[in-house]
Amino acid sequence: KFLYNKPLSHHPNFNEMAKMYHKEKSIQIKSSASALYNNLSVLRIAPRCLTYFTVVHANVVNMVSASWDGLNYSHRQLQSKEGNVATSSSLIMQAAWCVLPSRDLLVLTSQKGIQMYESDGSIMVYWHALETPETPTAQAVFARGIAAVREKYICVGVSSGSVLVFDVPSKGSNITLSEVLEEHTEAITDMASECSGSMECIADLVSADDSGLLCVWKSGGDFQLLNKIPGFDTSCSSLKLWKGTVIAGYGTGQIRLYEGVTGILHAEVNAHARWIYSLDIAPFTGLLLSAAEDSLVRVWHLTITPETNSVEIEHLYNECVTDTQICGAKFCDGDGYAFAVTGYDLSEIIRYTQA
């Protein structure tokens, strides 16, 4: 089952793959990226030939709209809020777009609560305040981990280990908290929903916490826990779910591939020398992007063979972003033709496209 065993130089297409991507012109942002997991979100707006990017800095989200011809950029900054208070000093933990069939929303999580905006950041449509203890405790309170699930759910993780399930109407602001999932006891680090578009996959959500525990869920009127995959006390910082396979990145620099429903470990890769901060997958091609504190961005290829129930991972490409603690990396399209990277204290988004 452990199929990652050949050095890259033995690959028949090694020379082509070595120059698989080339660097494009960077996009400047108003303030630098904070050192947070998964600190980059990308939304492609094909009808308008635009791509939106968001990067978190302290209590602000930098949002950039970039035209595909590279000629037009527009910037917006969203502030952390508390209900109707204009601005707040509470730190933002994550910003991510949630793409549902009927609408796209931009979700911000902070130390105070959860803000949901129309996708262009123009209007805040919903605010959910986190429960803060009456007396200060040693444990920080925050929300982190954002995923859009199936037709109408947005799931958000909380530092207590709870997962909040919001029911989102096709338009308007009548968003409701429909369920709270209580299986984790440590702070949620990341969440991912099934991204292949396949309706055949039983599992459609996976959540991770600071202990590395993974919970695999089936969505519906009541979300159902399908499986718990132990984490061996190593924090899982980034997650993806593709064709029923859970792809998990850890503080050890390892990537593990599990079958979601059974928890069978298909592969374990020593992918990075330091803490993994971001994973992404191109759902149409099975390309996997990993990025870590070791300044490396790597591209892998996943092959799933349902008949033999096997998953293979192959290493294709490396990019070293010199002297940079990478904190966000995302493909800019469903094929993995281009990707973007953010780094701690960098006031730019670095972009690469296939040569």
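**Exercise 1. Work out how β20 and β21 are joined, and find the residue in the turn that has a positive phi.**

Step 1. Start with the connection: β20 and β21 make a hairpin, with three residues between the two strands. Strands here are DSSP runs (E, at least two residues; helices are H or I, at least four), numbered from the N terminus.

Step 2. Look in the turn, where Gly253 has a positive phi of about 90°.

Step 3. Now check the pairing. β20 (residues 245–250) and β21 are antiparallel and share five bridges; two strands count as paired if DSSP finds at least two bridges between them. One spot to click on is Thr245, which stands opposite Glu259 in β21.

A quick word on the model before going on: it is predicted, so local features need pLDDT of at least 70 and side-chain atom pairs count only at pLDDT 80 or more, while totals for chains, interfaces and linings use all residues. Residues are numbered from 1 along each chain as its sequence is written, and side-chain values use heavy atoms, with hydrogens and water left out.

**Exercise 2. Follow β21 to its other partner, then decide whether its faces are covered.**

Step 1. β21 also pairs with β22 (residues 265–270), again antiparallel and over five bridges. Within that pair, Tyr258 has Leu265 of β22 as its bridge partner.

Step 2. The β21–β22 hairpin has five residues between the strands, and Gly263 takes a positive phi near 80°.

Step 3. For burial, take the strand (residues 254–259) as a whole: six of its six residues are buried, where buried means under 20% relative accessible area, exposed over 50% and partly exposed in between (1.4 Å probe, protein chains only).

Step 4. Split by side, Gln254, Arg256 and Tyr258 are buried on one face, and Ile255, Leu257 and Glu259 on the other, so both faces are covered.

**Exercise 3. Describe the largest pocket and say which strand supplies the largest share of its lining.**

Step 1. Get the volume: about 1,200 Å³. A pocket is found on a 1 Å grid over the protein atoms alone, as an open set of points with protein on both sides within 12 Å along at least five of seven lines; a cavity is a set where a 1.4 Å probe fits but cannot get out, and lining residues have an atom within 4 Å of a point. Grid points are joined across faces, edges and corners, and the volume is the space filled by probe spheres set on them.

Step 2. Find the middle. Of the 45 lining residues, Trp97, Val99, Ser193, Cys195 and Lys240 are the closest to the centre.

Step 3. Sort the lining by type: 26 nonpolar, eight polar and eleven charged. In this scheme Ala, Val, Leu, Ile, Met, Phe, Trp, Tyr, Cys and Pro are nonpolar, Asp, Glu, Lys and Arg are charged, and the others, Gly among them, are polar.

Step 4. Sort it by strand. Those giving at least two residues each include β3 (41–45), β7 (92–99) and β19 (236–242). The largest share, six residues, comes from β7.

Step 5. Zoom in on β7. Seven of its eight residues are buried, so the rest of the structure largely encloses it. Its antiparallel neighbour is β8 (residues 104–110), joined to it by seven bridges and through a hairpin of four residues. Trp97 has Leu106 in β8 as its bridge partner.

**Exercise 4. Compare what the side chains of Thr51 and Thr324 reach.**

Step 1. Place them: Thr51 sits in β4 (residues 50–57), and Thr324 in the loop between β26 (310–320) and β27.

Step 2. Thr51 is buried at 8% relative accessible area, and Thr324 is buried at 7%.

Step 3. Thr51 makes a side-chain-to-side-chain polar contact with Trp68 at 3.0 Å. The side chain of Thr324 reaches the backbone oxygen of Thr322, at 3.0 Å. A polar contact is a pair of N or O atoms within 3.5 Å; within protein, one must be able to donate a hydrogen and the other to accept it, and residues adjacent in sequence count only if both atoms are side-chain atoms.

Step 4. Leaving out residues up to four places away in sequence, Thr324 touches Glu293, Ser295, Gly343 and Leu346, contact meaning heavy atoms within 4.5 Å.

Step 5. Ser295, one of those partners, is not a glycine but has a positive phi near 75°.
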